[in-house]
Amino acid sequence: MPDAATDRRVEDLFTGLNAPQEEAVRHVDGPLLVLAGAGSGKTRVLTHRIAHLIHTKHARADEILAITFTNKAAQEMRERVELLVGRAVRAMWVMTFHSACARMLRADAQRLGYTRQFTIYDAADQRRAIKKCLDELDVDAKRFTPRAMQAQISDAKNKLRSPEQYREIVGSYFEQTVADVYEEYERQLHRANAMDFDDLLVRTVNLLELFQEVRDRYQSAFRYVLVDEYQDTNHAQYRLLQLLAGGHRNLMVVGDEDQSVYGFRGADIRNILGFDEDYPDASTIKLEQNYRSTQSILSSANAVVANNRGRLGKELWTEVGEGDSIKIRECDDDHAEARFVAAEIERLGDEGVSREEIAIFYRTNAMSRVVEDMLTRAGISYQVIGGTKFYDRAEIKDAIGYLNFIVNPQDVQAFSRVVNSPRRGIGQTSMSRVLAHANTMGLTPWEAADGAAGVPLLGSAAVKAFGRFMSVMTRLKERAELETPVGELLEDVLRETGYTDALQAERTIEAQGRLENLEALVVAAREYDTRSPDGTVGEFLQEISLLSEQDNLRDDEGLVTLMTLHNAKGLEYPIVFIIGCEDGMFPHSRAIDEGDVEEERRLCYVGMTRAMRDLYMTFARRRSTFGGPGQYGLRSRFLDEIPRDLTDEPERAQIGIRSRAVTSWARASEGSAAAAAMTSTAPAAVFAIGDDVVHAAFGEGVVTGVDPGGVVVVRFAGDGSERRLMADYAPIKRR
DNA sequence: TTTATTTGATTTTTT
DNA sequence: ATCAAATAAA
């Protein structure tokens with residue numbers, strides 16, 4: 001019986017919510033689609049709905065499954081739910097797709113022929129395994145790069161296509177090769193008792209499809225399923241949700257089709273666009289009131305994304321007020337751009353803005369370097385999210401490789417990684433012989449190495465080296481099985497394998513840095529031990545392999561934050577700089593070539609809507625790539641999609657390269673009339689459709705279009721690409 | 001087997 | 001410009 005206190009608690013859940021938010025929170029049974037615009041309080045809706053289900057006794061805590069994409073989002077949701085329901089949150093599954101799948105697989109992996117101790121391969125492990133398959137199948141890795149193979153295989157997996165199914169639809173020699181590699185790769189992974197990221201989803205779907213009792217178990221266990229960022233789900237995730245929520249149909253998905261930016265990773269925007277077809281009885285609720293940004297920022301972002309087709313249609317608004325206009329800056333080159341950003345940050349600092357309120361976004365990781373240099377020079381401390389990750393460093397992967405090999409003796413990848421690191425006289429040849437022997441005899445790499453004396457063709461020095469190596473490993477494995485705390489075990493590993501000694505002997509600054517990184521890993525392991533006293537090495541390994549970039553984010557240390565636009569999703573900052581707003585950079589030329597500018601535009605929308613108060617968008621006329629000479633580019637088409645009265649730019653000419661060049665120069669040279677006059681009288685480069693041209697970098701091509709603004713479109717013979725170039729600046733000549 | 005040297009690719013975005 | 005991988009030399 002609900003008492004008065006409970007009633008009050010339930011009512012409290014609605015205070016401060018707007019009408020559509022409240023409607024979503026009150027929804028109990030049946031499918032629900034919440035279209036949540038940026039900053040519209042979707043996490044609030046999710047957490048309050050969970051609390052509502054609990055307080056009204058519609059669900060027990062352990063009947064709720066809430067899924068996010070990043071650990072950070074999961075943790076935030078967990079904390080916010082805890083504020084509402086207290087300790088009950090501990091019984092809930094609030095986690096990422098990948099963690100939830102890994103957890104289900106640990107329980108039932110043996111049904112699919114894996115052990116509970118399976119290893120999770122990251123992208124680099126995956127790449128290496130694929131390379132190995134290419135070698136074994138005698139495929140020319142120059143023609144068919146591991147990278148391309150990986151992309152194809154991953155794509156197939158995301159679509160739940162097995163090697164056999166893939167083989168049925170091959171339409172080219174390339175795809176034929178992919179089918180062969182895919183098949184071999186799957187065999188090798190399975191033999192190594194390993195799964196890649198995609199497998200975590202695929203194998204869970206397999207598990208639920210093949211074993212009805214497992215499916216029934218989870219269907220009745222999770223009576224309410226909630227999914228965040230639904231627009232980013234791929235087909236495997238879609239199918240997984242279908243299987244989990246198939247019985248009761250209590251599925252709530254929250255997403256924003258305008259923020260779908262992971263198409264390249266297999267995310268299928270049709271999942272969210274077609275939700276009401278999949279679930280015709282679904283309620284749909286739109287959240288359009290924004291609680292984050294000024295109206296100028298919202299109107300600008302709305303205007304940009306309005307150029308996309310295939311939207312469900314949302315229009316963000318706020319009660320906050322207009323705010324400042326969008327600040328658009330043109331710079332001479334990437335260095336000037338970075339200098340502007342650094343100077344502006346200093347100026348903002350004088351105004352009382354603190355560093356952690358500022359973020360700088362860019363399209364590609366490589367763009368951070370110039371900015372980093374400039375910030376360092378200006379004495380502005382910063383943190384970079386993404387780029388080279390901590391867990392990607394060689395020494396960290398080695399240390400983890402040792403643990404993986406101890407836990408999973410079948411793990412070839414881990415074995416070959418650590419067997420000669422540090423150097424112990426076991427080279428490529430000896431290692432291959434042991435692995436070949438393992439293969440033919442059906443042994444695990446561990447067993448084969450342990451019985452090195454029985455491996456044919458192996459030299460006596462190598463046999464001895466293996467003996468020494470394996471006696472250390474055996475000792476460590478015994479210790480692992482005694483449930484030694486992970487931190488302690490890791491220290492033992494580093495000491496007894498001689499890893500630390502080898503680094504200390506190097507006496508270089510790099511080695512010192514590596515030792516520090518390893519120390520940080522030990523600290524992380526000790527923290528894990530404290531956090532989960534009953535945890536195992538295997539669980540620790542799983543946890544760190546599923547970490548994402550955003551999980552490294554710190555928010556309280558007076559640091560300016562740098563990251564890619566993709567990493568920015570879900571975050572907010574009072575001041576945002578989006579740099580590199582040039583056609584070719586953003587939208588990226590690859591996307592332009594592949595006709596996928598809409599996803600780039602959504603990315604732009606994501607970036608812009610991160611800003612609460614001030615939004616800067618900068619572009620450079622010249623940008624150097626690979627450290628070579630600068631390439632001339634055009635300002636991003638997205639900038640021109642922002643209504644001018646919302647920006648601080650003076651009148652822009654509608655058409656004509658002349659006036660555009662004048663404006664550019666006039667501002668760049670701070671109003672020098674001479675410079676402006678000179679430019680405006682310089683001879684214009686004139687091209688017509690059909691002209692044969694030569695470009696300094698791209699070679700020969702033909703003009704296929706002439707656009708207003710002095711833009712020529714050239715299709716190049718070399719790589720068949722079509723590029724938009726600025727006639728006056730691009731190094732092109734008529735032939 | 002290890003180390004030094006050269007080559008080649010790399011830049012989209014990542015759970 | 002930088003880093004990994006392939007190749008040559010020790």
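A charge is taken to sit over a ring if NZ of Lys or CZ of Arg is within 6 Å of the ring centre and within 35 degrees of the ring normal. In the predicted model examined here, the charged end of R111 meets this description, sitting over the ring of F211 at 5.2 Å from the ring centre. A second such arrangement involves K477, whose charged end sits over the ring of W446, 5.0 Å from the centre of that ring.

Rings also associate with one another. The structure holds 18 aromatic pairs. One of them joins Y528 and F540, whose ring centres are 5.3 Å apart; the planes meet at 55°, and the pair is therefore classed as tilted. Because Y528 belongs to helix α25 (residues 509–531) and F540 to helix α26 (residues 537–545), this pair ties together parts that are 12 residues apart in sequence. Y528 and F540 are both buried. Another pair, formed by F577 and Y616, is stacked, with 4.3 Å from centre to centre and 15° between the planes. Here the partners come from strands: F577 lies in β13 (residues 573–578) and Y616 in β14 (residues 611–624), so the pair ties together parts that are 39 residues apart in sequence. The relative accessibility of F577 is 0%, and F577 therefore counts as buried. Y616 likewise counts as buried, because its relative accessibility is 1%, and the cut-off for a buried residue is under 20%. Elsewhere, W93, Y218 and F222 form one aromatic cluster.

Strand β14 also contains R613. With a relative accessibility of 38%, R613 counts as partly exposed. The side chain of R613 makes a polar contact of 2.9 Å with the side chain of D614. Beyond its sequence neighbours up to four places away, R613 touches T294, I297, L348, E351, V353, P574 and I575. The C-alpha atoms of R613 and I326 are separated by 9.7 Å, although these residues are 287 positions apart along the chain.

A lysine in a loop provides a further example of side-chain contacts. K314 is found in the loop between α15 (295–305) and β9 (327–333). Its relative accessible area is 4%, and K314 is therefore buried. The side chain of K314 makes a polar contact with the side chain of D256 at 2.7 Å and another with the side chain of D258 at 3.0 Å. When residues up to four places away in sequence are left aside, the residues touched by K314 include L35, A36, G37, E257, K286, L287, E288 and N302.

The surroundings of DNA strand B were examined next. There are 26 residues around this strand, of which F69, R265, R363, R423 and R590 come nearest. The residues of this surface divide into 5 nonpolar, 14 polar and 7 charged. Helix α20 (residues 428–441) gives the most to the surface, with 3 residues. On the DNA side, 61% of the strand B atoms within 4 Å of the protein belong to sugar or phosphate, and the rest belong to bases. Individual atom pairs illustrate these contacts. A backbone N or O atom of F69 lies 2.3 Å from a sugar or linking oxygen of DNA strand B. An N or O atom in the side chain of R590 is 2.5 Å from a phosphate oxygen of the strand, and a polar backbone atom of N365 is 2.8 Å from a phosphate oxygen of the strand.

Several features of the backbone remain to be described. The peptide bond joining S421 and P422 is cis, with omega at about 5°; P422 is placed in the loop between α19 (412–418) and α20. A cis peptide bond also leads from F586 to P587, with omega near 5°, and P587 lies in the loop between β13 and α27 (589–593). Positive phi values occur in residues other than glycine. For K57, phi is near 65°. K57 is located in the loop between α3 (42–55) and β2 (64–68), and its relative accessible area of 69% means that K57 is exposed. For E229, which is not a glycine, phi is about 50°. E229 lies in the loop between β6 (224–227) and α12 (235–245), and counts as buried because its relative accessibility is 14%.

Notes
Residues are numbered from 1 along each chain as its sequence is written. Chains are lettered from A and ligands numbered from 1 in the order in which they are written. This is a predicted model: local features need pLDDT of at least 70, side-chain atom pairs count only at pLDDT 80 or more; totals for chains, interfaces and linings use all residues. Side-chain values use heavy atoms; hydrogens and water are left out. A residue is near a molecule or strand if one of its heavy atoms lies within 4 Å of it. A polar contact is a pair of N or O atoms within 3.5 Å; within protein, one must be able to donate a hydrogen and the other to accept it, and residues adjacent in sequence count only if both atoms are side-chain atoms. Helices (H or I, at least four residues) and strands (E, at least two) are DSSP runs, numbered from the N terminus. Ala, Val, Leu, Ile, Met, Phe, Trp, Tyr, Cys and Pro count as nonpolar, Asp, Glu, Lys and Arg as charged, and the others, Gly among them, as polar. Rings of Phe, Tyr and Trp (its six-membered ring) pair if their centres lie within 6.5 Å; planes under 30 degrees apart count as stacked, over 60 as edge-to-face and the rest as tilted. Buried means under 20% relative accessible area, exposed over 50%, partly exposed in between (1.4 Å probe, protein chains only). Contact means heavy atoms within 4.5 Å.
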